[in-house]
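Student: I should like to learn how to read the features of a structural model in order. May we work through one together?

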Amino acid sequence: MRAPVNLRPALRVLLIAVLALPLLLIVLGWVTDLMSALGDIATATVLGHIGTAVRVMWLADLVGLVVVLALDSLERGREE
């Protein structure tokens, strides 16, 4: 029998990322619109690409969170 795995630190990091990245996306969208309104199209384009990367990171974090929650549920079921 193997020792139980402590998934709490991973859960904490993934949960914070899943909750914080949408806030970052809101700020990035606002700054992108501001740069577009000011006529700085190059900066707005770069910020748009950064926003796309953050969306991909958020999706990966969300999938990771679901997987870690499933593993944590299985570990708890094994202990009981």
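The dialogue below goes from the overall fold to the cores, then to single residues and the surface.

Tutor: Please keep in mind that this is a predicted model.

Student: How many helices and strands are there in the protein?

Tutor: The protein has two helices and zero strands. Helix α1 covers residues 8-37, and helix α2 covers residues 41-79.

Student: Why is the protein described as more spread out than a compact globule?

Tutor: One compares the radius of gyration with the value that the globule rule gives. Here the radius of gyration is 18 Å, well over the 12 Å given by the rule for 80 residues, so the protein is more spread out than a compact globule. The extents along the principal axes add to this picture: the C-alpha trace spans about 65 × 15 × 15 Å.

Student: What share of the 80 residues is buried?

Tutor: Burial is judged from relative accessible area, and under 20% counts as buried. By that cut-off, buried residues make up 24% of the 80 residues. As for the surface, the protein exposes about 5900 Å², of which carbon and sulfur atoms supply 73%.

Student: Of the contacts between residues at least 6 apart in sequence, what percentage join residues at least 24 apart?

Tutor: The figure is 77% in this protein.

Student: Which residues make up the largest nonpolar core?

Tutor: One looks for buried nonpolar residues whose side chains are joined to one another. In this model the largest such core has seven residues, namely L21, L25, L28, M35, A44, L47 and V54. Helices α1 and α2 each supply at least two residues of this core, and its largest share, four residues, comes from α1. A second, separate core has six residues, among them L7, L14, V18 and L65.

Student: Which residues does L28 touch, apart from those up to four places away in sequence?

Tutor: With those sequence neighbours left out, L28 touches L47, I50, G51 and V54. Of these partners, L47 and V54 also belong to the largest nonpolar core, as does L28.

Student: Is T32 buried or exposed?

Tutor: T32, in helix α1, counts as buried because its relative accessibility is 15%, under the 20% limit. Setting aside neighbours within four places in sequence, T32 is in contact with A44, L47 and G48. A44 and L47 are members of the largest nonpolar core.

Student: Is D72 buried or exposed?

Tutor: The charge of a side chain does not enter into the reading; the relative accessible area decides. D72 lies in helix α2 and is buried, with a relative accessible area of 13%. Residues up to four places away in sequence aside, D72 touches L7, R8 and L11. The C-alpha atoms of D72 and L7 are 6.4 Å apart, although their positions lie 65 residues apart along the chain as a separation in sequence.

Student: How should one read L62, and what separates its C-alpha atom from that of L14?

Tutor: Between the limits for buried and exposed, a residue is called partly exposed. L62, found in helix α2, is partly exposed, with a relative accessible area of 29%. Its C-alpha atom is separated by 7.5 Å from that of L14, and the two residues are 48 apart along the chain. L14 is one of the residues of the second core.

Student: Are R12 and I26 buried or exposed?

Tutor: The cut-off for exposed is over 50% relative accessible area. R12, in helix α1, counts as exposed at 53% relative accessibility. I26, also placed in helix α1, counts as exposed at 59%. The C-alpha atoms of I26 and G51, 25 residues apart along the chain, are separated by 9.2 Å.

Student: Which residues make the nonpolar surface patch?

Tutor: A patch of this kind joins nonpolar side chains that are accessible at the surface. Here L59, V63, V67, L71 and L74 make a patch of about 470 Å². Its member L74 lies in helix α2 and is exposed, with a relative accessible area of 59%.

Note on methods. Residues are numbered from 1 along each chain as its sequence is written. This is a predicted model: local features need pLDDT of at least 70, side-chain atom pairs count only at pLDDT 80 or more; totals for chains, interfaces and linings use all residues. Side-chain values use heavy atoms; hydrogens and water are left out. Patches are made of residues with over 30% relative accessible area and no salt bridge: like charges are joined within 9 Å, nonpolar side chains (Val, Leu, Ile, Met, Phe, Trp, Tyr) within 5 Å. Accessible areas come from the Shrake-Rupley method with a 1.4 Å probe; for residues, only the protein chains shown count as cover. A salt bridge is a side-chain nitrogen of Lys or Arg within 4 Å of a carboxyl oxygen of Asp or Glu. Buried means under 20% relative accessible area, exposed over 50%, partly exposed in between (1.4 Å probe, protein chains only). A nonpolar core is a set of buried Ala, Val, Leu, Ile, Met, Phe, Trp, Tyr and Cys residues joined through side-chain atoms within 4.5 Å. Contact means heavy atoms within 4.5 Å. The radius of gyration is taken over C-alpha atoms; the globule rule is 2.2 Å times the number of residues to the power 0.38.
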